[in-house]
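Student: I have not looked at this structure before, and I would like to go through it slowly, one question at a time.

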Amino acid sequence: MHSDNASPGRGYHSVHKIGGTSMADTKAVLENIFLGKRSRQQIYGRIFVVSAYSGFTDLLLENKKTGEPGVFHLYAGSDSDWAWGDALTAVADQMYRRNREIFGSSPEQKIADAFIRERIEGTRSCLMDLHRLCAFGHFKLQEHLDTVREMLSALGELHSAHNTVLLLKKEGVNAVLVDLSGWRDPDSLNLDERITQALAGRDLARELPIVTGYAQAQDGMMRRYGRGYSEVTFSRIAYVTKAREAVIHKEYHLSSGDPKIIGADRVRPIGRTNYDVADQLSNMGMEAIHPRAAKALRQRGIPLRVVNTFEPDHPGTAIEDGWLPDTTGPEIITGISSAMEIEVFDQDHVGQPGSEEPIVTALSRFKIPTVTKSINANCVTHYVTAPLKQVRRAIAVIEAARPEAKIRTQKVAIVSVIGARLDAAPLFSEAVAALQKGGVRPLASICPSRAVDLQFVLSEEDYEKAIRLLHHALMEERAARSASTLAA
């Protein structure tokens, strides 16, 4: 990769990532992100990492929200080729339908269909061969499932990236497909090596690389990062190429609260914050950027911007390492509407170092993330997000390890007040007062010493009410008081 304009220390270029919901609105992405009011020269100097069109990764793997099985889960759990094979055919049909929506009956549509057909049928052939091989006792399907998951997940990003290149070429843009999926590539590379190899020789002043969000790497992207792999690919490209800026295009602003709950007229874009806040948002499931992706940008000192695909003239929110606002206060009210409380009461915990280890081990074994937790002399409570089936399996393991313990579970919600510079003690009192005034009783509350967030555990039915109460008291009323003070 080279350019006459790049400086030795930092490239002149920017690296962009487009989310799946944005990608689904092809016209808006083309007009607002790729072309817009830019001159032909301004179109270049950018690298784009694209996600799969919204919904396709769910069909290939499993539905992220409901757990409904996709091709992968049908393949992993079935002795028959029919279920997963039919599901793969259904995904292909959906991709062809998407191609017709984008290209009509143009020559590009035939090219798009042929590309997908070759990848889908190649994948099908590979999976059938693996299934036949594992019919012999020396080969165990379970040992290959991580690789199968990686292979299937790549199809969604390949589809969207290839279509994007065709669209841009139709507009006269010199777009190039950068396929990081490792399709038929005999080389075993780590992520940075694959990126470096794929972008070698690219002239960013004259070419517009469209990169697949999935990248094949030695240690497995899906295995390490789950469904957040495309943001890790995006951040490592920015890191490896020494970009001047990283930009994520989403279907919404990074705002002070959820406009669907609070009202679009009452929330406001954050505007500017730091990576500590971004990490807390990830912990609440409202990812500005995957925390492992943020780490690479922080290490290189690359600022990140989160912008709204549908408001191309708005600067969005800048995220910078170490930045702090001039005044203290919250920046966003967010949370998790459905979580699970796992309370383990055991009098043998008292004074015993490592007594929590069986709990942590069980949660880790079943890949259950802890959002927050509380602990005292004889009680450890984890608040987690995972399907009920996984939680039950973990509890069975904990019960076996701690037969004397009493374990209680219940569904809960978690609401968090987040800011780069919280004045935690008085803010905590103000938040509790607002909840109590509105008739919401917290089941638990956590006020960490780092003063980046406050957390309240509530009944599920109180979730939206608590969001509105805290936003009104801590964001809207505070802003009104500040404006009144300035006016005076």
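Student: Over which ring does the charged end of Arg 149 sit?
Tutor: Keep in mind throughout that this is a predicted model. A charge counts as sitting over a ring if, for Arg, CZ is within 6 Å of the ring centre and within 35 degrees of the ring normal. The charged end of Arg 149 lies 5.0 Å from the centre of its partner ring, and that ring belongs to Phe 72.

Student: Which residue lies over the face of Tyr 53?
Tutor: Here again a side chain is placed over an aromatic ring, with a separation of 4.5 Å from the ring centre of Tyr 53. The residue in question is Arg 98.

Student: How do the rings of Tyr 75 and Trp 84 meet, and are these residues buried or exposed?
Tutor: The count of aromatic pairs in the model comes to five. In the pair formed by Tyr 75 and Trp 84, the centres are 5.0 Å apart and the planes stand at 80 degrees, and since over 60 degrees counts as edge-to-face, the pair is edge-to-face. As for their surroundings, both Tyr 75 and Trp 84 are buried.

Student: In the pair of Phe 428 and Phe 456, which residue is buried and which is partly exposed?
Tutor: These two rings are stacked, at 5.7 Å centre to centre with 15 degrees between the planes, and the pair links distant parts of the chain, with Phe 428 in helix 17 and Phe 456 in strand 14, 28 residues apart. Phe 428 has a relative accessible area of 22%, and because buried means under 20%, Phe 428 is partly exposed. Phe 456 has a relative accessible area of 0%, so the buried one is Phe 456.

Student: Which strands form the edges of the open sheet of eight strands?
Tutor: The sheet has mixed pairing and the order 3-4-2-1-5-7-8-6. Within it, strand 1 and strand 5 pair in the parallel sense over five bridges, and Ile 18 stands opposite His 249 in strand 5. An edge strand pairs on one side only, and those that do so are strand 3 (175–178) and strand 6 (272–273).

Student: Which helix gives the largest share of the largest nonpolar core?
Tutor: This core has 105 residues, and Phe 34 is among those with the most contacts inside it. Phe 34 touches residues including Ile 18, Phe 48, Leu 208 and Ile 210. The largest share of the core, 11 residues, comes from helix 8 (residues 145–170).

Terms used
Residues numbered from 1 in each chain as written. Predicted model: local features only at pLDDT ≥ 70, side-chain atom pairs only at ≥ 80, totals over all residues. Heavy atoms only, no water. Phe/Tyr/Trp six-rings, centres within 6.5 Å; stacked < 30°, edge-to-face > 60°. Buried < 20%, exposed > 50% of the residue type's maximum accessible area, 1.4 Å probe, protein only. Helix = DSSP H or I, 4+ residues; strand = E, 2+ residues; numbered from the N terminus. Pairing = 2+ DSSP bridges. Core = buried A, V, L, I, M, F, W, Y, C linked by side-chain atoms within 4.5 Å. Contact = heavy atoms within 4.5 Å. Lists of a residue's contacts leave out its neighbours within four places in sequence.
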